[in-house]
Amino acid sequence: MNKKDLAEPFYHGFEKILELSRNCKFSDCTHTNETGCAVTQSISEGTLSEESLHHYHREKNEADYLSSQKNKTKAIDYMKQRKLFKR
Ligand SMILES: [Zn+2]
């Protein structure tokens, strides 16, 4: 798969952000405009590309979206089940 070649630089950026986030002031830091954010600081210092952070946020949003979708499906299934049991 040549998909791997495309994913690699992105993966490194992602890993770097995860590593940097350990130095963030807040453990629930979203790395957007928090004070004491090690990630945005690295961007202003030029050691991290802004693009990497954009990818990170995109991935994160997608993951959140997918997990919320999954919960919804689960909730619907649960409701369907209850309906069946009620009968
Ligand atoms: Zn941060």
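## The loop between α1 and α2

Ser27 lies in the loop that connects α1 and α2, and in this predicted model the residue counts as exposed because just 7 other C-beta atoms are found within 10 Å, where a count of 12 or fewer is what the term requires. Along the chain Ser27 and Cys37 are ten residues apart, and their C-alpha atoms are separated by 9.8 Å.

His31 also belongs to the loop between α1 and α2, but its surroundings are of another kind: His31 is buried, since 21 other C-beta atoms lie within 10 Å, and the threshold for that class is 20 or more. The backbone of His31 deserves a look as well, as its phi is near 60°, a positive value in a residue other than glycine.

## Helices and chain-level figures

The chain contains three helices and zero strands, so that, read from the N terminus on, the order of elements is α-α-α. Of the 87 residues in the chain, 11% count as buried. Taking the contacts between residues at least 6 apart in sequence, 31% of them join residues at least 24 apart.

## The largest nonpolar core

Seven residues form the largest nonpolar core, namely Ile17, Leu20, Cys37, Val39, Leu48, Leu53 and Tyr56. The elements that give two or more residues to this core are α1 and α3, the latter covering residues 50-86.

Tyr56, one of the core residues, touches Phe14 and Ile17 when residues up to four places away in sequence are not counted; Ile17 is itself listed in the core.

## Leu18 on helix α1

Leu18 is placed in helix α1, and is it buried or exposed? Leu18 is exposed, because 11 other C-beta atoms lie within 10 Å, which falls under the limit of 12 or fewer. Leu18 and Val39 are 21 residues apart along the chain, while their C-alpha atoms are separated by 8.9 Å; Val39 is a member of the largest nonpolar core.

## Confidence of the prediction

The average pLDDT of the chain is 81, and 82% of the residues score at least 70. Among the elements of the chain, helix α2, covering residues 38-45, has the highest mean pLDDT, at 96, whereas helix α1, covering residues 3-20, has the lowest, at 68. For a careful reading, the statements about Leu18 concern a residue of helix α1, the element with the lowest mean pLDDT.

Key:
Residues are numbered from 1 along each chain as its sequence is written. This is a predicted model: local features need pLDDT of at least 70, side-chain atom pairs count only at pLDDT 80 or more; totals for chains, interfaces and linings use all residues. pLDDT is the predictor's confidence in each residue, from 0 to 100. Helices (H or I, at least four residues) and strands (E, at least two) are DSSP runs, numbered from the N terminus. A nonpolar core is a set of buried Ala, Val, Leu, Ile, Met, Phe, Trp, Tyr and Cys residues joined through C-beta atoms within 7 Å. Two residues are in contact if their C-beta atoms, placed from the backbone, lie within 7 Å.
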